[in-house]
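Colleague: Please take a close look at one part for me, the nonpolar core, and tell me what packs around it. Spell out the cut-offs as you go.

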Amino acid sequence: MQNYKDLEIYQFAPKAQSAKRKAQSAKAITLIEMVAIIAVVGLAIPPLMLMWQDLSYRSARATAISQATFYAQELMEEIKSKDFVDPDDPTNPALGPNGETYPNFDDVDDFNGYSENPISDAPGYNRCVTVDYADLSGSTWTGNCSPPNPADCNPPTCNPEDATDYKRIRVLVSHRFGDSSLVTIVSGF
Ligand SMILES: [Ca+2]
Ligand SMILES: [Ca+2]
């Protein structure tokens with residue numbers, strides 16, 4: 001009988017140890033998995049953040065350029081609706097207002113040097129205009145003033161001998177994410 005009880009104790013002891021080892025093993029695997037997950041997430045987050053930042057910038061830039069193009073077209077249409085020369089001073093070759101101020105401009109070159117910083121009702125967008133005389137050389141339009149074909153908002157310097165029957169209008173709309181410019185040639189014919 002004594003031997004039988006000893007046998008019972010001897011049989012239960014290994015089972016208890018096995019369960020403990022299994023529990024420890026499960027805990028160890030969970031810890032390893034946690035470390036692996038942290039490592040993978042740590043590696044994946046920086047590229048994902050950069051990708052998200054890049055997508056956000058591209059989206060904002062596309063929107064800004066689209067809006068800038070709209071504002072440039074809007075002002076260009078307004079300028080093109082004006083006369084080629086001032087109705088009250090048609091022989092004056094000087095480019096610029098003839099004593100008027102916006103919105104009373106009555107010829108296209110009155111807008112030479114005109115700017116809006118920022119455009120009313122469009123914060124963040126600036127708009128400016130240059131007008132110079134141009135001539136067709138072969139298949140290329142070249143400005144006659146100095147500098148020819150200005151690319152910024154500074155009005156070019158034009159002398160009376162630079163005058164032609166063509167005026168080059170450039171509207172530039174700028175935004176911190178990108179610019180949009182439109183160029184049109186109008187004629188006095
Ligand atoms: Ca005028
Ligand atoms: Ca004028």
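Modeller: I'll set the scene first, then go into the core and end with the loops.

This is a predicted model, so local features need pLDDT of at least 70 and side-chain atom pairs count only at pLDDT 80 or more, while totals for chains, interfaces and linings use all residues. Residues are numbered from 1 along each chain as its sequence is written, and chains are lettered from A and ligands numbered from 1 in the order in which they are written. For pLDDT, the predictor's confidence in each residue from 0 to 100, the protein has a mean of 88, and 85% of its residues reach 70 or more. Confidence is lowest in α1, with a mean of 80, and highest in β1, at 97. Keep that in mind for the helix.

The protein has one helix and five strands, in the order α-β-β-β-β-β from the N terminus. Those are DSSP runs numbered from the N terminus: H or I with at least four residues for helices, E with at least two for strands. Buried residues make up 21% of the 189 residues. Buried here is 20 or more other C-beta atoms within 10 Å of a residue's own, exposed is 12 or fewer, partly exposed is in between, and the C-beta atoms are placed from the backbone.

Now the core. A nonpolar core is a set of buried Ala, Val, Leu, Ile, Met, Phe, Trp, Tyr and Cys residues joined through C-beta atoms within 7 Å. The largest one has 23 residues, and F111, V129, V171 and V173 touch the most other members. Two or more residues come from each of α1 (2-80), β2 and β4 (166-175), and α1 gives the most, with six. As background, nonpolar side chains tend to be buried together in soluble globular proteins.

V171 is a good way in. A contact is a pair of C-beta atoms, placed from the backbone, within 7 Å. Leaving out residues up to four places away in sequence, V171 touches A72, L75, M76, R127, V129, S181 and L182. L182 is also the bridge partner of V171 in β5. The strands involved, β4 and β5 (residues 178-187), pair in the antiparallel sense over 10 bridges; pairing takes at least two DSSP bridges between two strands. Two residues separate β4 and β5, and the two strands form a hairpin.

V108 is worth a stop too. Its place is the loop between α1 and β1 (115-116), and V108 counts as buried because it has 23 C-beta neighbours inside 10 Å. Beyond residues up to four places away in sequence, V108 touches I79, K82, F84, V131, K167, I169 and V186. Of these, I169 is 61 residues away in sequence, with 8.0 Å between the C-alpha atoms of V108 and I169. Across the protein, 52% of the contacts between residues at least 6 apart in sequence join residues at least 24 apart.

There is a second hairpin to look at. β2 (residues 126-137) and β3 (residues 140-143) pair in the antiparallel sense over four bridges, and L136 has W141 as its bridge partner in β3. The hairpin has two residues between the strands, and G138 takes a positive phi near 70°.

G143 lies in β3 and is buried because 21 other C-beta atoms sit within 10 Å. Y133 is 10 residues away from G143 in sequence, at 5.8 Å C-alpha to C-alpha. The contacts of G143, not counting residues up to four places away in sequence, are D132, A134, P148, N149, P156 and R168.

N149 leads us to the loops: this residue is found between β3 and β4, with a positive phi near 50° though it is not glycine. N149 is partly exposed, with 17 other C-beta atoms within 10 Å. D121 also has a positive phi, near 70°, without being glycine, and belongs to the loop between β1 and β2. D121 is exposed, with 6 other C-beta atoms within 10 Å.

Lastly, the cis bonds. The loop between β1 and β2 holds P118, joined to N117 by a cis peptide bond with omega about 0°. The peptide bond from Y102 to P103 is cis as well, with omega near 15°, and P103 sits in the loop between α1 and β1.

Note on methods. Contact = placed C-beta atoms within 7 Å.
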